[in-house]
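Please look over the sequence and the model shown here before reading on. The paragraphs below then go through the fold step by step.

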Amino acid sequence: MNLTKGDRRVLGFGAMVFWGFTMVLAFAALIVAGQAWQRSSDAKSAVAKLAAGGIIGTTVRERLQEFSITPTVAEVKAGPVTFDTTNRGSITHEMVIVHGPVTGTLPIVTTSGGERALGAIDEEAIAEADIVGETGDVKPGATVARRFKLTPGNYVMFCNIDNKAPDGTVTNHYQRGMVATLVAR
Ligand SMILES: [Cu+2]
């Protein structure tokens, strides 16, 4: 086909219109993609917000046994928190909760022959303000419910009971592993 100068100009114009139209489409696609991304990040921040304030509960159920403390949650909402503590073991346990950054910073009994066993948590050496509360003795099979007010921060829960065997050997439950942590947000 022989194209005149005029034909070429028309074709050139057509190509330009086509190119322009393609650009508009591509731009529209970018906008749609951008909106989708925005929506998914909105959804993500909504989930994060829920996790930070809504979904986190105010109840902790925990199981005591020889020799562990197993809470159902790792985080709770700061404020009044209900602790349902069940003893699934065969000896008496307890749950003491203190405000503290990490387990390793709790004071430990370093001398034997005292009121508390060597290696037990030295509860008397914990600052009064950091002691949140305790269940008291929880007999095997029993559940004790307590409500404590938690400020935001880290908490350590432990059982500090000692058992003395007939041969004089003392077993401190904390030392055997009855400790767990909780974060209030
Ligand atoms: Cu115990």
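What follows moves from the overall fold to the pairing of strands, then to the core and to a few individual residues.

The model is a predicted one, and the protein in it contains 1 helix and 11 strands. Read along the sequence, the helix comes at the start of the pattern and the strands follow, as α-β-β-β-β-β-β-β-β-β-β-β. Of the 185 residues in the protein, 23% are buried. Among the contacts with a separation of 6 or more, 65% are between residues that lie 24 or more positions apart.

One part of the strand pairing involves β4, which spans residues 79-87 and pairs in the parallel sense with β1, residues 59-65, over 6 bridges. Within this pairing, R63 has T86 of β4 as its bridge partner. Strand β4 is also joined to β7, residues 143-150, by 8 bridges, and here the two strands run antiparallel. The residue in β7 that serves as bridge partner of T82 is R147.

A residue of β4 that repays a closer look is V81. Why does V81 count as buried? There are 22 other C-beta atoms within 10 Å of V81, and a residue is classed as buried when that number is 20 or more. Leaving aside neighbours within four places in sequence, V81 is in contact with T58, V60, V76, R147, F148 and L150. The C-alpha atoms of V81 and T59 are separated by 5.5 Å, although the two residues are 22 residues apart along the chain.

The model also has an open sheet of 5 strands, in the order β3-β11-β8-β5-β6 and with mixed pairing. Strands β3 (75-76) and β6 (131-134) stand at the edges of this sheet with a single partner strand each, and therefore one side of each is left without a neighbour in the sheet. The pairing between β3 and β11, residues 179-184, is in the parallel sense and consists of 2 bridges, with E75 standing opposite V183 of β11.

Strand β8 of this sheet holds N154. Is N154 buried or partly exposed? Because 15 C-beta neighbours lie inside 10 Å, N154 counts as partly exposed. The C-alpha atoms of N154 and R185 are separated by 8.9 Å, the two residues being 31 residues apart along the chain.

The next topic is the nonpolar interior. In soluble globular proteins, nonpolar side chains tend to be buried together. In this model the largest nonpolar core has 29 residues, and those with the most contacts inside it are I69, M95, Y155, M157, F158, C159 and V179. Strands β1, β4, β5 (96-99), β8 (153-158) and β11 each supply at least two residues of this core. Taking C159 as an example, and not counting residues up to four places away in sequence, this residue touches L64, I69, H93, E94, M95, H173, Y174 and M178.

A last feature concerns the backbone. Most peptide bonds are trans. The bond that joins E66 and F67, however, is a cis peptide bond, with omega of about -10 degrees. Residue F67 lies in the loop between β1 and β2, the latter being residues 68-71.

Terms used. Residues numbered from 1 in each chain as written. Predicted model: local features only at pLDDT ≥ 70, side-chain atom pairs only at ≥ 80, totals over all residues. Pairing = 2+ DSSP bridges. Helix = DSSP H or I, 4+ residues; strand = E, 2+ residues; numbered from the N terminus. Buried ≥ 20, exposed ≤ 12 C-beta atoms within 10 Å, placed from the backbone. Contact = placed C-beta atoms within 7 Å. Core = buried A, V, L, I, M, F, W, Y, C linked by C-beta atoms within 7 Å.
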